[in-house]
Amino acid sequence: MEGKIKADLILRHAGQLVTVAGASDNPKRGPEMSEIGIIEDGAVAVRDGIIAAVGTTTEVWAQVEAGPGTRVVDAGGKVVLPGLVDPHTHLVFAGSREHELELKLNGMGYLDILKAGGGILKTVRQTREASQKDLFLAGCKYLDQMLAQGTTTAEAKSGYGLTLEDEIKTLKVIRDLDVFHPVGLVPTFLGAHATPEEYRDNPEEFVNLVINEMLPAVAREKLAEFCDVFCEEGVFTVEQSRRILLAARELGFKLKIHADEIGTLGGAELAAEVGAVSAEHLMAVSDQGIALMARQGTIAVLLPATTFCLMGKQYAPARKIIGEGVPVALATDFNPGSSPVNSLQVVMGIACRQLKMTPAEVISAVTINAAHAIGQAALVGSIEVGKKADMIVFDAPTYQYLSYRFGTNLVEKVIKDGKVVIGGAKQGMGGCASVV
Ligand code: IZC
Ligand code: ZN
């Protein structure tokens, strides 16, 4: 019949097709975060990697023409979500820091470890020594783990180089991973992640280096879309962060801030002031910071796996943040120190129990709101016609089951750009194994 969609792939019989549709222009706030657009017995038709039809299985079936080349994936009554989006990761680093777990159990704080030359600075030493290829292979391994757990798009920060050369090396690794690995990456320059040891006695000089040399070089080589700063007690002050972010804005970067994670410094206020897309962490955010973010539409990216791993008592005040109308996204903060967690499913489980977010809010936070936090909402984050065909079949009877079951990978199939990259007949065809 004329006018029918010649589908490459049809996904059908999703018990709950969770579309999270209708928020591609603006992130979901307040009660909108609970609206996740469920279609029972849902189906999706895909052509050239793009979603061409969405509806019930009967509706979609009537619109498509299935030829011999059409792949039909039966979801068997299970839950299907948009591919998950992880909007805050420190993906590219060398080595690991498991010894810090014991230091923390003995009462040493995260910032004390950093002050003593460990923490981020240990990873900086290891990352500087690593070759671009070593970092690529490590990044590939972590991306394989993330894809297998349902993440199809992620942000990735630099920040363990802290010299012009090593920051550029890291950003080139992120660029190569984006090309070679199925997980889509959005690069962020985080040159202001810590003051490196060689600038210990002259941190202002390091801020000048970030502003005068690193930022222009990264902009020239188009290696990052966002610029981020670790604004924290003993790391970068609000004033230093403002200088860096304003310089970055001038060069066309979109902005993010590690804000009010441990101390209440005013990072959220700064995010609103400089027009940052997002402020991240916010465990110690002030009421005024929340109010200013709500007014500016700054997205709160919350990272509860970090609070869990730091054994913190105080989680971000998510109920208040949502109640005040700030859009909330969730991320893993995957890094070798404060959050060696790269599973958004784990984050979803913690978010319900510790942030008191509902299972529906959590789904908005790891899909469309996360996509907004990294400037990708026109392409990913929901199951809608015209978007990338990134979808996850979970071995779950309801969407609530995802946050309820905790610690088991429930992913049954991952479809990325219309191709079954996990759980298909050719298991693992899309991952690291195929590119190196
Ligand atoms: O390596 O500790 N918080 N940056 C800011 C981190 C954690 C990463 C790390
Ligand atoms: Zn971080």
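**Exercise 1. How many cavities of 30 Å³ or more does the count come to?**

Start with the ground rules. This is a predicted model, where local features need pLDDT of at least 70, side-chain atom pairs count only at pLDDT 80 or more, and totals for chains, interfaces and linings use all residues. Residues are numbered from 1 along each chain as its sequence is written, chains are lettered from A and ligands numbered from 1 in the order in which they are written, and side-chain values use heavy atoms, with hydrogens and water left out.

Next, the term: on a 1 Å grid over the protein atoms alone, a cavity is a set of points where a 1.4 Å probe fits but cannot get out. Grid points are joined across faces, edges and corners, and a volume is the space filled by probe spheres set on the points.

Now count: there are two cavities of 30 Å³ or more.

**Exercise 2. Work out what lines the largest cavity.**

Step one, volume: the largest cavity holds about 90 Å³.

Step two, lining, meaning residues with an atom within 4 Å of a point. Among them are His90, His193, His258 and His281, along with Glu261 and Asp333.

Step three, classes: Ala, Val, Leu, Ile, Met, Phe, Trp, Tyr, Cys and Pro count as nonpolar, Asp, Glu, Lys and Arg as charged, and the others, Gly among them, as polar. That splits this lining into four nonpolar, six polar and two charged residues.

**Exercise 3. Do the same for the second largest cavity.**

Its volume is about 40 Å³. The lining includes Pro82, Gly83, Lys388 and Asp390. Sorted by class, you get two nonpolar, five polar and two charged residues.

**Exercise 4. Describe the two largest pockets.**

A pocket is an open set of points with protein on both sides within 12 Å along at least five of seven lines.

Take the largest pocket: its volume is about 360 Å³. Of its 13 lining residues, Leu114, Lys115, Thr195, Gly234 and Val235 lie nearest the centre. Helix H3 (residues 110-115) gives the most to this lining, three residues; helices are DSSP runs (H or I, at least four residues), numbered from the N terminus. By class, the lining has six nonpolar, three polar and four charged residues.

On to the second largest pocket, with about 280 Å³ of space. It has 16 lining residues, and Tyr110, Ile262, Met283, Leu310 and Gly312 lie nearest its centre. H3 again supplies the largest share, three residues. The class split is eight nonpolar, four polar and four charged.

How values were computed
Helices (H or I, at least four residues) and strands (E, at least two) are DSSP runs, numbered from the N terminus.
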